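Q: Could you go through a structure with me, slowly, since I'm new to this?

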Amino acid sequence: MKHFFYVTLLCVFYAARLAAQDQPNPAPADSIKGLVVSAADTIPLPGVTVTIKSTDKSAVTDSTGHYRLPALSSTDTLIFSLSGYKSAITAANSRKSVNIMLNKNDEGTGTPAVPDSTRVATDSTRVAPGVASDSTRVVAVPENKNATAPDSVAGKIRITGTVTAEEDKTAIPGVSVLVKNSSTGVVTDVNGKYTIFANTPDDVLVFSFVGLQSKEAPLNGQSTIDVALAEEGKVLKEVVVIGYGTMDRATLTSSVSTIGSEMIDKDPLPSVSQAIQGKAGGVQVTQRSGSPGGGVNIRVRGTTSINASADPLYVVDGVPVNSTTNFVGGGDFNFGGGTQGINILASINPGDIESVEILKDAASSSIYGARAANGVILITTKRGKANETNISVNAYAGVSEMPKERKYDLMGTNDYISYMKDYYAIKGTAIPESILRTDVNTDWQNKIFRTAPMQNYEINASGGSDKTQYYTSIGYYDQQGIILNSGFKRLSARMNLDYQQSEKLKITTNLNLTRAITDRVQEENSKEGSTKNGIVTPPNVPVYNEDGSFAFDPSNSARENPVAMLILPTNTAETFRILGNVAAEYQIIKGLSFKTTWGMDMSYIDETFFMPPKGIKSFAAQGGLGASRSTKDQLWINENTLTFDRTFAENHHLNLLGGISFQESKLSYIDARRSNFASNDIPYISVGGNLSGASASVQEWAIASYFARANYGFKNRYLVTANFRIDGSSRFGANNRYGAFPSVAGAWRASEEPFMKDIKTITNLKLRASWGITGNQNIPNYASYTLYSAGSNYLNTPGFAPSQLGDANLGWETTKQLDFGIDLGILKDRISLLADYYVKNTSDLLISVQTPRTSGFSNALRNLGEIQNKGFEFELTTRNLVGDFRWTTSLNMTFNRNKVVSLPNGDIFGGLGNVNIAREGQPLGSFWGWQMVGVNPQTGMIDFQHADGSVGAPSSADDKRIIGNPNPDFFGGITNTFFYKGFDLSVMGQFSYGNDVFNYNLFTVLSGSSDSNNGLVDWNRRWRQPGDITDVPKPTPSNLDNATISSRFVEDGSFLRLRNITIGYTFPQKWTDRMRIKSLRLYATVQNAHVFTKYRGYDPEVSSTAGANTGLVYGFDYGSYPQPRVFTGGLNLTF
Amino acid sequence: MTKYIALFIATATLFSCDDFLDKKPVDQIAAEVYFTDEGSSESAVLAMYRTATNAYYYGQAMIITPEFAAGHVNNVYNYPEFVNFEQNNIRIDNPWTTNIWTLSYTIINIANNVIEQVPNVPEGSIAPEKRAQFVREAKFIRALVYFNLVRSWGDVPLILKPTPSTSSLADLQVSRNAASEVYAAIIDDLKDATNLPASYSTLEQTKGRATQWAAKGLLAKVYLYRGTPGNSTADFTEAANLAHEVINKGDTLVSDYASIWRTKNTPESVYELQFDVQATNTLATVSNPTASALFFAKDTVYKSFDDADLRKPVTVYLKDGKYYIGKYPNYNPAVQNVPILRLGELYLIYAEAQARITGSVAGEPYTYYKAIRDRAGLTTADEITFTSVPDFIKEVQREKRRELMFEGEAWYDYTRTGLALTEMMIVADPGRFVWPIPQVERDANPNLGQNQAYQ
């Protein structure tokens, strides 16, 4: 029922907004703005100096040819000048908007001329030629010869008329009037009147004006044609990056979400992943950890895999990068700081990103074949533009804090002592004196969390000439973590170059260098992870003894001091990454071009790990442990494509692509470790006394691909796309090395049909359908082999043991996806909608099956079983208010349903204690355990439901059942942005509903089985004597029955997070002019302002455990690093 | 330019993709091509021993878990997963039963591969005596692991062939074999292993790898376990003969009991698992008086020793109010060896088996029992005071409990004769002599069933 409530609420919210819109917002003309275009081709001209005559006030047009000048008197005159063009002069005459067209020096006369050839373009971005046009239409058009045209021309028919605005019926001067398919054209005069001479009575007149919809009017023998032009919705051409090319959103047949730089630039985000979060339909981004630089889980349209990684493929400027989002140290060691790993995407500075595209359906993603089943994320970085120099500085600084309300409510000393007295009474032994200490009351959560600073600075410069353009940037990001001693620093530099060597040959290079340092801490899954076991240290144990040394729990000699555990160890990772490519594009003939790209992605990761001998109990016996590991992850790729693009017979547009691609990757590392250190002082292995291990490893994989795509469009109305890719991967068995991945898609732009033209409310309507096959190859290298591995040495002699049970038939995971979509624009695109329904069937799942251990192996990868994801997603943008006060709302929601369709070998389990299950007919990763009934009033123990209907202890496995579902009913994000006179405000919310979380932390704070653990204040309601009715059992020394994996620890993980609130102010032009800068914006942001949730843990967005980023192990809170609340202030400055 | 492009595409197409995509493991070897010569065969043999040093086997679990079951040790946290063994109330999801089960079959699979593959290594690539030796070493290890399995769980799957990579999952879902079949297979293996050499080139090799003495000693123990009092004395006869042979191989009990653990590879050891800085002993790291201590001795253990007993301070000692396990003293680096079979135990095996065969305490049974007590510095009641063989055997077992304290033996020895019901268990239920089949294993294999007491 609740879903309906929420959905209804949202609908009401929307309806109210729509009703409130369309308020006219006349604003005083305190500035003048406009567009400058080239007369030759009506392309916007950047870099044009616009000066107010006889003043020092001036402005320069931006990359889209727009300019803005501060308020001036109504009599002033504007001068437009650009090198290579003739200057133009026009009077402002109280206009708010002055658009103008500039002629090149060598073209015609200085007087703006009427168009003398070809048709007038229907493109709305074009400007009526020859005059300064004006949207307020109260202007005299100077020297308009047409107003005094001759009465007749021999053999021609004289047509006259008035052009008015449909909206307010006022006359429009400067409208271009053309006789279709002729070179005859005129412009309306100050009263909107025109006179033109047509050739025949059957001619058609075309009326066009910037910002208004063009209109064609057949003469039909009439001599007076009055027309009213309607305002055109802002249908800007939206270019979408797709695999191996770009497309106009209007003619796209597939499902692609775009996140533009305007959604990334303004907020202080640590990495690309956060930029995607809550902004794209069908894309679920889960912050696995709040640790700075930590990893995320990204799921595009549900989880399609049980054990193979469900991460999408990341392609940065055409290079499919080493997309292991989380570099988790392999092997047996504590590298990796718990299990959160390093987020390799964090090595890209978000400020450099122009756009992020997410390819969701098979039609868009299957061009990446075997790696596309989890979706493809294309990251495109910024490039320089010719004749437009920009230098901008972005800087922000702030603080992160642990949201206080998210802390666990743990017992203080008094409650703890009372609880422990009961505990020892039940245990039947004397209570240790140390547990009764009353003079200390430590809040351990306050001791391990801190308020930490963060800062970010970046400078970028871009520009260039007609031949060479550049974009270059340097950035520094430093975030200290809210857990002691954790942090992330990144220094990044980028250089993107474009060089047009000749008309035919273009060379581009991209180069990104990053150095990142991650200071990691023990987070989870370790004996004393601060957020798991650290917080249950008894409250009557101090942090420090009186002599300043660390204090330890006297009742539990193995317990670490949580603060010492954070401060004393060293666990850093230094990553140096080079990511870049070089491409040459050669136009063989018009429409046919060849492109070759060589790219590489190299990461060098140096890790230093040190557990000092003093102060860390678990490493004391061996005298501390130190280790170093050096990892090199290399990838190179060569791609060659031929592209053919041509329009035939006006209406047939054909775009063909064919290509081959080779990619090879090599991962190697060496590590060494020593124990027995003399002191805590030097954290490097050279100081250790015993060489306790040294090893090295090398792994390689390669993929070879052949691909082709055809796009065909008829009248831009009927669109068809077909893709085909063949991938060969070294990861699969010799019997199954190549896979084929086809897809087809069609779209119908109904709004382009003549009969739809009259439906004024619908400005854009496109129906899409697609089907295709994609694959998943995210499994370990050499998984098809049955292997012997070294390392089992004995008596200092090498030993080799079987390490893996392979399968020579191992092949792809195959996803067949069907997608139906709609693009809709209503009320001049005041409301725009992208909506999709999809069905994804994944078969031949790559499953790491738990084999019976009697085989000598615990698991083996096999192709088995099927999963289905189906769902509905939409992205809705409404421009609620336009004008001076602008309000835009973007909402996206995804309703995904996941189901395991078949598992021939029965249930598959995963996660700690097999808490996650894959079972036919159930959602993947459902929680599996005993069902709690309640606390037995007689015994004080928890009763669990038995299969036979009785209740009691959790003793028989047959009584286990499904106790929760980690998959949300729906999730999404909502962003509201407001602009008013230089002020901008954006509020972004992110939500998830109906997902359960298995809160394993509750095990720690509620198990009641340990001799000296603190717990939740819930224990104050504990069962004390027969007859007590309560939900908290009695303490149970050395008995885990109450703490078994059960519904007791399953919690509702639904949440609504205020992820980002930003308020900014852009200084007015007159200020910035005075300061000789282009623009200046100041802003303040609160990230993660509040989470509305019933979940009791630190954050309902949780990690899985053990670094597993697989589909099965999911929705599991094992002491995750909490997400901080971050306050920042910053500035964007452009010169 | 067009020409170059055409040339480029032609070259790229000619470029063989199969070679490009054929990425063979770099630092690992495919199983099919592993066994090629003597060196690779020996490496596979050594991996068996190394795997047995794992913390989930003799490196900790295979010792400490039965010691918990015997009620000899404490855990610092009183973790239920350990304490449940002492309470005879082991949950089906207990991690330690799972760990030991998993490691057991991992070692068995390594051994099965050696036994199956080494005979196929080409002639000339391996010396004939080495070929035979490797197979017999593998049989010794396989027998040792099955012996621990059958003692811990009763009926267990008996798998004597390596797991082929072509296995379907259904093939792997095996059923359990009767304990008697498992014993028969263990005895078969050990009989073959008694043909092993008596020694190798170095002391470490001789003690650390299977020899004919190790095989004979273990076989004696296996016969003792299989023997059913009152039925036939055949097994006890075998046990006695083999034990006697090993005892008389030329080594004697060491006079300094402590030296068995403080030094390596004493004459006392018949078979001793070797640990070094690469293969450290986890139990040693966590059982000594350092901040890392997790396991402690119980005060009842301390009290079970006569103060005059020379073994007492070696076995258990009091420090800062805590009783510590004394038999794993080398913790930094933790290179503590684990004697798996030593003469002291064989003396007591011989004493018991001989008493059962002859139906009399007099003579050798008493002499060998007394020899152990003599070394401990204890006086022993006269032979004449032992009037009943069953009573004498109980005394031998009690002596064995002290002699082999913290060596993972007492629980199995007491459940073997049922003495555990009266002198060890909290829940006196013979069904709980064995542990539950791990639930994760039953999840993966529905054919296993569960031991009666845990159903």
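A: What follows is a short talk about chain B as a whole and then about some strands of chain A, and please keep in mind that this is a predicted model.

Q: Okay, chain B to begin with: how many helices and strands does it have?
A: The secondary structure of chain B consists of 22 helices and seven strands.

Q: And why would one call it as compact as a globular protein of that length?
A: The radius of gyration of chain B is 25 Å, and the globule rule gives 23 Å for 455 residues, which is close, so chain B is as compact as a globular protein of that length. Taken along the principal axes, the box that its C-alpha atoms fill is roughly 105 × 50 × 45 Å.

Q: What share of its residues is buried?
A: In chain B, 62% of the 455 residues are buried, where buried means under 20% relative accessible area.

Q: What about its surface, how much does chain B expose?
A: Chain B exposes about 16300 Å², and 51% of that area is supplied by carbon and sulfur atoms. As for charges, chain B has 42 positive and 53 negative ones, and the mean positions of these two groups are 2 Å apart.

Q: Which contacts in chain B join residues at least 24 apart?
A: Of the contacts between residues at least 6 apart in the sequence of chain B, 71% join residues at least 24 apart.

Q: Switching to chain A, is strand β61 mostly covered or mostly open?
A: Strand β61 of chain A, which spans residues 1125-1134, is mostly covered, with seven of its 10 residues buried.

Q: Which strands pair with β61(A), then?
A: One of them is β26 of chain A (residues 390-401), which pairs with β61(A) in the antiparallel sense over 10 bridges, and here Tyr396(A) stands opposite Gly1130(A). Another is β59 of chain A (residues 1079-1093), which runs antiparallel to β61(A) and is joined to it by nine bridges; Arg1081(A) has Asn1132(A) in β61(A) as its bridge partner.

Q: What holds paired strands together in general?
A: Strands of a sheet pair through backbone hydrogen bonds, and the pairing is either parallel or antiparallel.

Q: So where is there a parallel pair in chain A?
A: Strand β20 (residues 313-316) and strand β25 (residues 376-381) of chain A pair in the parallel sense over four bridges, and the partner of Tyr314(A) in β25(A) is Ile377(A).

Q: What sheet are those two in?
A: They belong to an open sheet of five strands in chain A with mixed pairing, in the order β17-β24-β25-β20-β21. At its edges stand β17 (256-260) and β21 (319-320) of chain A, each with a single partner strand, so one side of each is left without a neighbour in the sheet.

Key: Residues are numbered from 1 along each chain as its sequence is written. Chains are lettered from A and ligands numbered from 1 in the order in which they are written. This is a predicted model: local features need pLDDT of at least 70, side-chain atom pairs count only at pLDDT 80 or more; totals for chains, interfaces and linings use all residues. Side-chain values use heavy atoms; hydrogens and water are left out. The radius of gyration is taken over C-alpha atoms; the globule rule is 2.2 Å times the number of residues to the power 0.38. Buried means under 20% relative accessible area, exposed over 50%, partly exposed in between (1.4 Å probe, protein chains only). Contact means heavy atoms within 4.5 Å. Accessible areas come from the Shrake-Rupley method with a 1.4 Å probe; for residues, only the protein chains shown count as cover. Lys and Arg count as positive and Asp and Glu as negative; His and the chain ends are not counted. The place of a charge is taken as NZ of Lys, CZ of Arg, CG of Asp or CD of Glu. Two strands pair if DSSP finds at least two bridges between them.
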